[in-house]
Amino acid sequence: MRFVYVMDPMDRVAADKDTTFAFLRAAQARGHVALHCEPRDLYAKGGDVYARTRTLTVMPVAPYAMFGATENVRLADVDAVLVRKDPPFDALYLYATHLLELARGKTVIINDPRGLRDSNEKLYALHFAQWMPRTLVSSSEEQLLDFLKNEIGGHGVVKPLDLAGGSGVMMLAPGDKNTKSILGLLTGDGQRLVMLQEFLPGVVQGDKRVLLLDGQILGAINRVPRSDDLRSNIHVGGSVEPCEVTDRERAMVADMAPRLVRDGLVFVGLDVIAGKLTEVNVTSPTGIQQLSAHRNRDVAEDVVVWLERAATKLVGLRGSMHKNAL
């Protein structure tokens, strides 16, 4: 099969950590062809979406990736498209989702461009508020301060809505004279929405990443922050430990899965602290290489097998529709 990867340049991809590299490696091992492109390489013509691509081969040693022939491809003619561009969700990303929507139903796309466009990774979690810590989204400094003081006891975590990877996340504490300045900075003096959540002391034991495939649990890793940092993201120094999925987390996933599947969010990473849902990662969830290391098997292969089955099913549906039309 031929898979198009809409992603970052390969020099930004860490071969030993990046989930997209794991997908490339697993698909290649099963005989599939990888076609690499960036969002800027997408284009539309005559109602179809195309991509300027290069064939890509990955290797276990440096330089880890090698490009081959250049090819302009109609996305409806490939077997699957994996949208793996890291945040931020900027104007180019938005336009890419609009272009990719021209291929919906014509090929397998994960994650669905409409689902990506509708699912801010912090705000989407609000659809499952019963599983979240106490949360307020507002641009009002007065409202944020009142919530911080009177509803969550003065301890909170404030997050920009348009950043990722822990960027801009700050902890607020009682008596901190920087609190008003932090809120003013992140809200742009009341011009930008932010998310304020109660501080969960359990974060020192780790921020769990639960990986889902088509609404089913692939597994989980526990990311533990450094002693001098609030954030547990791997790229800012968080360490990774093996862990199991709890009964509460399984109940959470069961509750969330129908909506995730309906929205076309096939490969998803849930961030969970002390049993509370904090974010739903859909643009480019990571963690599969670390999960694979703990499981002693390549979990990325599960995703590739899912793609193979979905692509085969889509071809069968097309054939049935064509036969009925005749």
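**A four-stranded sheet and its salt bridges**

In this predicted model, Thr135 sits across from Gln197 of strand β11. The two strands involved, β8 and β11 (residues 194-198), run antiparallel and are joined over four bridges. They belong to an open sheet of four strands, ordered β8-β11-β9-β10 and paired in the antiparallel sense. At the edges are β8 (135-138) and β10 (170-172), each with pairing on one side only. On average, neighbouring strands of the sheet are turned by 25° against each other, ignoring direction.

Two helices lie across this sheet. Helix α4 (residues 141-150) crosses β8, β9 (156-160), β10 and β11, and runs at about 170° to β8. Helix α5 (residues 179-187) covers β9, β10 and β11, running at about 140° to β10.

Turning to charged pairs, the structure has 24 salt bridges. One of them brings together Arg2 and Glu71, at 3.0 Å from N to O. This pair links distant parts of the chain, with Arg2 in strand β1 (residues 2-7) and Glu71 in strand β5 (residues 65-74), 69 residues apart. Arg2 is partly exposed at 26% relative accessible area, and Glu71 is also partly exposed, at 29%.

Arg74 and Asp48 form another salt bridge, their closest N and O atoms being 3.0 Å apart. Arg74 is in strand β5 and Asp48 in strand β4 (residues 48-58), so this bridge ties together parts 26 residues apart in sequence. Through shared partners, salt bridges join Asp48, Arg74, Asp77 and Lys106 into one network.

Arg12 pairs with Asp8 in a salt bridge at 3.6 Å between the closest N and O atoms. Here Arg12 is exposed, at 59% relative accessibility, whereas Asp8 is buried, at 6%.

Methods:
Residues numbered from 1 in each chain as written. Predicted model: local features only at pLDDT ≥ 70, side-chain atom pairs only at ≥ 80, totals over all residues. Heavy atoms only, no water. Pairing = 2+ DSSP bridges. Axes fitted to C-alpha atoms, helices over the stretch in contact; angles between N-to-C directions. Contact = heavy atoms within 4.5 Å. Salt bridge = Lys/Arg side-chain N within 4 Å of Asp/Glu carboxyl O. Buried < 20%, exposed > 50% of the residue type's maximum accessible area, 1.4 Å probe, protein only.
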